[in-house]
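Here is a short briefing for a reader who is new to this structure. Have the sequence and the model open while you read.

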Amino acid sequence: MILVVLAHVFLMMSPRHWDGSPVAAVLMSFRMPLFFMVSGFFAYKAAERWTSNVVADIMVRKVRAQVLCATLFFMLFQAVNNAPVFAFIDNGYGYFWFTIALFQMFVAYVALSVLGRAVLRRDVTDWVMAAMIAGSVVWGNTPVPHGVGVTLSWHQVLTYMQFFATGVLVRRHWGRFEALLRSDVLRTLAVVAFVGGCFWLYSGRYHQPHSWGEYMLQGVLHRYAGLLTVLVFFHSRSEYFDGSGAVARFLRFTGQRTLDIYMMHMFFMPKMAALGWVNTLEQPSMVVLKLGVAVPVALGIVALCLLCSSVLRSSHTLSVWLFGVRNRQRREAAALER
């Protein structure tokens, strides 16, 4: 979430509102794949637990948090910027597309898992996730659709669905995957592949893949290498991030409020391109100075979002309707049933 905010700060520092610098390209290679993989990791639920009551309860909360919440904050953002509040109907959700795409992935995952178990009388999660990954890899580089496809961010769904499905599989087979993360061979290969790819692919300005082969190399293989490198890094230092230090506690709390930060951070984004001296930071040689400006701004925005989140969540009703928190009465009833 911090990297997402940082990326948008980069955009606001650029007079073109598009950052093609190598540092932005490197972060882009694993930022959204990581976000979707983590989302899939926490979305996993054993197939036998997909009862009608469980599905209904989760879907209601997902609609509130990922559809209604995104629509409301998009409309508020548009109103604040004197733009059409219903623009999402024709032009999509802009900066708020993530949860719209994530909701569709989750619905597909649940529907296919439940249907597969009902038809075949066994858990077919692995097969469903493998099919989602294969479909995403094959069609992830398709042109941006028109009409309803723009509104529902289908291009993003096809691009990132493979990482959501990967997250489900990682959670489902966590014991085996964790054993792989302990392997020094895997750690070495992941880091070398990612760092080597960064020098090779992003030595110049970032560009979108122009062919299917370039897409497979840059948009799939290198992204998985970056994803593995991040997981290896955090897993190898898990004791620190599980600790009671200020940084660890801040990151854990930020992780618990990613939805809140995602919905609010654009309201506090400064239009830094208006500052003439910021334009000089566009040069690749200025990367340290650029990060020195952007990182404190991004952390300040995250801190402000966390404060606003705490204010909004002080109301249980707003917590339920805006952020999908489980209704207190339902939670108490479920506790009594257990």
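D260 is buried, at a relative accessible area of 0%. Buried means under 20% relative accessible area, exposed means over 50%, and partly exposed lies in between (1.4 Å probe, protein chains only). The model is predicted: local features need pLDDT of at least 70, side-chain atom pairs count only at pLDDT 80 or more, and totals for chains, interfaces and linings use all residues. Residues are numbered from 1 along each chain as its sequence is written, and side-chain values use heavy atoms, with hydrogens and water left out.

**Salt bridges**

- The structure holds six salt bridges. A salt bridge is a side-chain nitrogen of Lys or Arg within 4 Å of a carboxyl oxygen of Asp or Glu.
- Side chains of opposite charge can pair when their charged atoms come close.
- D260 pairs with R313 in one salt bridge, at 2.6 Å from N to O. This pair links distant parts of the chain: R313 sits in helix α15 (residues 287-313) and D260 in helix α14 (residues 258-264), 53 residues apart.
- R313 is partly exposed, at 21% relative accessibility. Its partner D260 is buried, at 0%.
- Salt bridges that share partners join D57, R61 and R326 into one network.
- Within that network, R61 forms a salt bridge with D57, and the closest N and O atoms are 3.4 Å apart.
- R61 and D57 are four residues apart in helix α3 (residues 52-80), so about one helical turn separates them. Helices are DSSP runs (H or I, at least four residues), as are strands (E, at least two), numbered from the N terminus.
- R61 is partly exposed, with a relative accessible area of 23%. D57 is buried, with 11%.
- E178 and R182 also meet through their side chains in a salt bridge, at 3.5 Å from N to O. R182 is exposed, with a relative accessible area of 52%.

**Helix α1**

- Helix α1 covers residues 2-13. Its twelve residues should span 16 Å at 1.5 Å a residue, and its end C-alpha atoms are 17 Å apart, which agrees. The expected span is 1.5 Å times one less than the number of residues.
- The helix is mostly covered: ten of the twelve residues of α1 are buried.
- The buried residues of α1 include V4, L6, H8, F10 and M12.
- Their cover includes α2 (22-43), α14 and α15.
- H8 lies in helix α1 and is buried, at 13% relative accessibility.
- Leaving aside neighbours within four places in sequence, H8 is in contact with Y95, H265, M266 and M269. Contact means heavy atoms within 4.5 Å.

**A nonpolar surface patch**

- F233, F234, Y240, V247 and L251 form a nonpolar patch on the surface. Together they have about 440 Å² of accessible area.
- Patches are made of residues with over 30% relative accessible area and no salt bridge; like charges are joined within 9 Å, and nonpolar side chains (Val, Leu, Ile, Met, Phe, Trp, Tyr) within 5 Å. Accessible areas come from the Shrake-Rupley method with a 1.4 Å probe, and for residues only the protein chains shown count as cover.
- Helices α11 (212-236) and α13 (246-256) each supply at least two residues of the patch.
- Y240 is found in helix α12 (residues 238-241). Y240 is partly exposed, at 47% relative accessibility.

**A buried polar contact**

- T125 belongs to helix α6 (residues 125-139). T125 is buried, with a relative accessible area of 1%.
- The side chain of T125 makes a polar contact with the side chain of D123, at 2.6 Å. A polar contact is a pair of N or O atoms within 3.5 Å; within protein, one must be able to donate a hydrogen and the other to accept it, and residues adjacent in sequence count only if both atoms are side-chain atoms.

**Positive phi angles**

- N82 is not a glycine, yet has a positive phi of about 55°. N82 sits in the loop between α3 and α4 (88-91) and is exposed, with a relative accessible area of 75%.
- S153 also has a positive phi of about 55° and is not a glycine. S153 sits in the loop between α7 (148-151) and α8 (154-172) and is buried, at 8% relative accessibility.
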